[in-house]
Amino acid sequence: MRCFLRHMAADSKREQFRRYLEKAGVLDTLTKVLVALYEEPEKPNNALDFLKQHLCVAGPETADVETLRLELADLKQKYEALQEEFKEYKSKHSETPQEEKRPE
């Protein structure tokens, strides 16, 4: 009897997990990708890479994205500072016209 109850509990957990995957759209997405692999006329050498590519798993890592965001913010600050320097340079050199050197 214990074995039967343990088996039913496991089945119940499995069913709950299956419903969770179904509700989240995981089963549908996996099915579509596997069907695409099945229908592929020339099977790829690496089926796992095919799955990753079609699931968009091969994107950048979160740490890489954060590093790029920080770098972008730093470059924006440098760009703005350079723009300000250029404005100052431009205004300084446009106020005092350069004397033209005449050939002697």
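Does Arg-14 count as buried or exposed, and at what relative accessibility? Arg-14 counts as exposed, because its relative accessibility is 53% and the cut-off for exposed is over 50%. That residue is a good way into this structure, a predicted model.

**Overall layout**

The chain has four helices and zero strands. Along the sequence, the pattern reads α-α-α-α. Of the 104 residues in the chain, 4% are buried. The chain exposes about 10400 Å². Carbon and sulfur atoms supply 56% of that area.

Confidence varies along the chain. The mean pLDDT is 85. A value of 70 or more is reached by 80% of the residues. Among the elements, α2 has the highest mean pLDDT, at 93. The lowest belongs to α1, at 83.

**Salt bridges**

There are seven salt bridges in the structure. Three of the pairs are set out here.

| Pair | Closest N to O | Helix |
|---|---|---|
| Arg-14 and Asp-11 | 3.2 Å | α1 (residues 2–23) |
| Lys-32 and Asp-28 | 3.3 Å | α2 (residues 26–39) |
| Arg-69 and Glu-66 | 3.9 Å | α4 (residues 62–95) |

Start with α1. Arg-14 and Asp-11 are three residues apart there, about one turn of the helix. Asp-11 is partly exposed, because its relative accessible area is 32%, which lies between the limits of 20% and 50%.

Next comes α2. Lys-32 and Asp-28 are four residues apart, so about one helical turn separates them. Lys-32 counts as exposed, at 53% relative accessibility. Asp-28 is partly exposed, with a relative accessible area of 43%.

Then α4. Arg-69 and Glu-66 are three residues apart, so they too are separated by about one helical turn. Arg-69 is exposed, with a relative accessible area of 54%. Glu-66 is partly exposed, at 39%.

Which residues are linked in a network of salt bridges? They are Glu-15, Arg-18, Arg-19 and Glu-22.

**A nonpolar patch**

The surface also carries a nonpolar patch. Val-26, Leu-30, Leu-34 and Leu-55 form it. Together they have about 290 Å² of accessible area. Which helix gives the most to this patch? The answer is α2, with three residues.

Leu-55 has its place in helix α3, which covers residues 47–55. Is Leu-55 buried or partly exposed? At 32% relative accessibility, Leu-55 counts as partly exposed. That value also explains how Leu-55 can belong to the patch, because patch residues need over 30% relative accessible area and Leu-55 has 32%.

**Rings and a charge**

How many aromatic pairs does a search of the whole structure find? The search finds one. Tyr-38 has a charged partner: Lys-43 lies over the face of the Tyr-38 ring. The distance from Lys-43 to the ring centre is 5.8 Å.

**In brief**

This predicted model has four helices and seven salt bridges. A nonpolar patch on the surface takes in Leu-55, and α2 gives the most to that patch. Lys-43 sits over the face of Tyr-38. As for the opening residue, Arg-14 is exposed and forms a salt bridge with Asp-11.

Terms used
Residues are numbered from 1 along each chain as its sequence is written. This is a predicted model: local features need pLDDT of at least 70, side-chain atom pairs count only at pLDDT 80 or more; totals for chains, interfaces and linings use all residues. Side-chain values use heavy atoms; hydrogens and water are left out. A salt bridge is a side-chain nitrogen of Lys or Arg within 4 Å of a carboxyl oxygen of Asp or Glu. Helices (H or I, at least four residues) and strands (E, at least two) are DSSP runs, numbered from the N terminus. Buried means under 20% relative accessible area, exposed over 50%, partly exposed in between (1.4 Å probe, protein chains only). Patches are made of residues with over 30% relative accessible area and no salt bridge: like charges are joined within 9 Å, nonpolar side chains (Val, Leu, Ile, Met, Phe, Trp, Tyr) within 5 Å. Accessible areas come from the Shrake-Rupley method with a 1.4 Å probe; for residues, only the protein chains shown count as cover. pLDDT is the predictor's confidence in each residue, from 0 to 100. Rings of Phe, Tyr and Trp (its six-membered ring) pair if their centres lie within 6.5 Å; planes under 30 degrees apart count as stacked, over 60 as edge-to-face and the rest as tilted. A charge sits over a ring if NZ of Lys or CZ of Arg is within 6 Å of the ring centre and within 35 degrees of the ring normal.
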